[in-house]
Amino acid sequence: MSKFAFVRRELAPSLPPPVRNTGLIVWVHRRLFATPGDTLLTVLAGLFLLWAVPPLWGFLVGNAVPPGGTVEQCRVENVGACWAYIASEIEFFIYGFYPMDEYWRPNVVFALFGVLAALLLMPKVPYKVPSAIGFFILLPIISIVLLLGGSFGLKPVPTEQWGGLLVTLILSVVGICCSVPLAILLALGRQSKLPIIKTLCISFIELVRAVPLITVLFMASIMLPLFMPQGTTVDKLLRALVGVTLFEAAYLAEVIRGGMQAIGRGQYEAGQALGLGYWKRMGFIVLPQALKHVIPGIVGNFISLFKDTSLVYIVGMKDLLEAVKTKNDALEWAAPTQAVTGYVFAAAVFWIFCFSMSRYSLFWERRLNTGHKR
Amino acid sequence: MSKKLLSIALAAGLGLAATSAFAQATVSPTLDAIKAKGYVQCGVTGGVPGFSAPDSNNVWTGLEVDYCRALAAAVFNNADSVRYTSLTSQERFTALSAGEIDVLSRTTTWTMSRDTQLGIKFVGTMFYDGQGFMVRKADGINSALELSGAAICIESGTTTELNAADYFAANKLEFKTVVFVDQDEVVKAYEDGRCDVYTTDSSALAAERSKFANPADHIILPEIISKEPLGPVVRQGDDGWFNIARWTYYALLEAEELGVTSANVDEMLASDNPAIKRLLGVEGDFGTPMGLTKDWAYQIIKLVGNYAESYDKHVGPNTPIGLARGLNALWRDGGIQYSPPIR
């Protein structure tokens, strides 16, 4: 009496080879033509591409005038994009009215910003604390000294002469960096048990969120000077920066509060049980989890802030989009597709920045994923 | 409470009195402030080619920019002592009243309500603009009076629309409007042949025409159907600065009338013509009473040029805008630009 009920004595007969489940043909079959409905959709999508792509290609590449071309080449019937115009005016799009001899100053700031931001944003790079000091303390000081000039023998360049991508980046980077801490404080304040703080935070958030950004900027630019004694002027860029930051903080505060409400009560109580004070409890237990939950919301706000910076045109500042619009009227490059090319260029630049932000946030979501993700 | 209000009112009254006493002591508080800060702050457009727009070196340039440079030349003997503030049409007057700019030189139409109600003063008319018509050359139209039955592309909600309606009604002409919200759409529609006529201010017509693939296929009709006098503006209440602003403009005209240009101004210093002598400060002193130097006009002409030089350089027939002098010619050449005598 064996203790095994059944023992196979010979090899099992080999099964027929599996239907191919990898490879191009299988992929095409399964993803594109699995059912009649799918087939129909595929054909329609294909037709759409056939209809849309060739003219688009023709405009962007085929009939386009490459950089280095002349305005006469752009001034013909049915011409494509006039890239020569973009190449010739690119400096205005990046620096605005910044004096040409002084371009090295914004360039140094761009380079410093790029290096420090990369050091901070790449998790594998060590020395986070020195690079954070560099980014949040040294970079602003160096930028102000370099860009404004007037000290160390640098020629002064008032902010009216700043423009283009420089202004767009300054507005969005400062807006993003200053609004996050403010937003966290507002979110904490809104949940505070102290009535005055709570009321102040709620009123601020609700007031600012109830007003369009364009109104905030317009008020800051047009109403503020009327209230102030004649002759005292606050820099336009500074006014816009404050407006954008406060506006962004109010929105972010609500996003962060949403994240904090998703943290179970047990977490707060566990912190209390461990004898942690308010700031430690929030800083080490609640906020890290809450912020992780709302990364998509926060980055969504950053992206919309980046695009909203183009509203500063209302106060006469030349951000990237407004710089492009200004040059779209330039008669040296007057051509049938001049304006369209300018807008395509501006859209492409905005897209690159927004898409990078979006990808970077996805990267962090994956990295911080601890199994909560559904 | 009422005591407090009273004291505030008193303080304000004293302040006012002090300011007016101060104003009597100097020629112009604005001029003093400008001299103290070292530059003239000039409000310009966001970019209108020919009037104020960045050139290929990304420096402000244009007819109205030249006026700002002329002011700086008069005050500082340096036409580059200007800072420009790009203003939208909504904020331009507030910026001026709030003292953010010293002079507004921004394609601003001189109207009665603006002149009398906004606390501002128009200096003069740097450029007589007006609404015109553009048609295709192939249509063989030579006058707006031949436009009966035409389809006209117009930007909606503007005075342009009303002016056109008035003009056609007054001349008993039939017409059909094709209305769009945006200037770019209007131009596109005209280009695509959806209408026969495109109408807006003639300076803008010329600028838009230069963007067409074949600008020569389109002509601007001679009729101008509205008055759009564009000129610099200063704050009301500082007559000294107003005088400087006004006579800077007149100096540009007077120089053209006397044939003094930036090229020959140094030779003209030796001229026997008493009018030229007075203009250039060789004889008499007209600058010092305004708070400027004796050679203020010499500096303007030397550093910026006369009115004709600016006009020809920025909007004249040899520029892409290509506007003939028309109304903007001097009075003796059939236009209405006229400077009172400097004496």
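Visitor: What makes the way α5(A) passes α6(A) a left-handed or a right-handed crossing?

Guide: In this predicted model, α5(A) passes α6(A) in a left-handed crossing, a name that applies if the near helix is turned anticlockwise from the far one by less than a right angle, whereas a clockwise turn would be right-handed. The helices, like the strands mentioned later, are DSSP runs numbered from the N terminus (H or I with at least four residues for a helix, E with at least two for a strand).

Visitor: How do you know whether α5(A) and α6(A) are roughly parallel or roughly antiparallel?

Guide: Helix α5 (residues 104-121) of chain A and helix α6 (residues 128-148) of chain A pack at about 165°, with their axes 9 Å apart; the axes are lines fitted to C-alpha atoms over the stretch in contact, and angles run from 0 to 180 degrees between N-to-C directions. Angles under 35 degrees count as roughly parallel, over 145 as roughly antiparallel, 65 to 115 as roughly perpendicular and the rest as oblique, and α5(A) and α6(A) are therefore roughly antiparallel.

Visitor: Which residues of α5(A) and α6(A) meet, and of what class are they?

Guide: Among them are V108(A), L112(A) and L116(A) in α5(A), and F135(A), L139(A) and I142(A) in α6(A), where contact requires C-beta atoms, placed from the backbone, within 7 Å. By class, this contact has 15 nonpolar, three polar and two charged residues (Ala, Val, Leu, Ile, Met, Phe, Trp, Tyr, Cys and Pro count as nonpolar, Asp, Glu, Lys and Arg as charged, the others, Gly among them, as polar).

Visitor: How do you know whether G275(A) is buried or exposed?

Guide: G275(A), in the loop between α11 (265-273) and α12 (278-293) of chain A, has 8 C-beta neighbours inside 10 Å and so counts as exposed, since 12 or fewer means exposed, 20 or more buried, and anything in between partly exposed. The C-alpha atoms of G275(A) and L139(A) are separated by 38 Å.

Visitor: How many residues does each chain bring to the contact between chain A and chain B, and what gives the most on the side of chain B?

Guide: Chain B gives 28 residues and chain A 31, and on the side of chain B the most comes from β4(B), with four residues. That side divides into 12 nonpolar, 11 polar and five charged residues.

Visitor: How should the names and limits be read?

Guide: Residues are numbered from 1 along each chain as its sequence is written, with chains lettered from A and ligands numbered from 1 in written order. Local features need pLDDT of at least 70 and side-chain atom pairs count only at pLDDT 80 or more, while totals for chains, interfaces and linings use all residues.

Definitions and conventions: Two residues are in contact if their C-beta atoms, placed from the backbone, lie within 7 Å.
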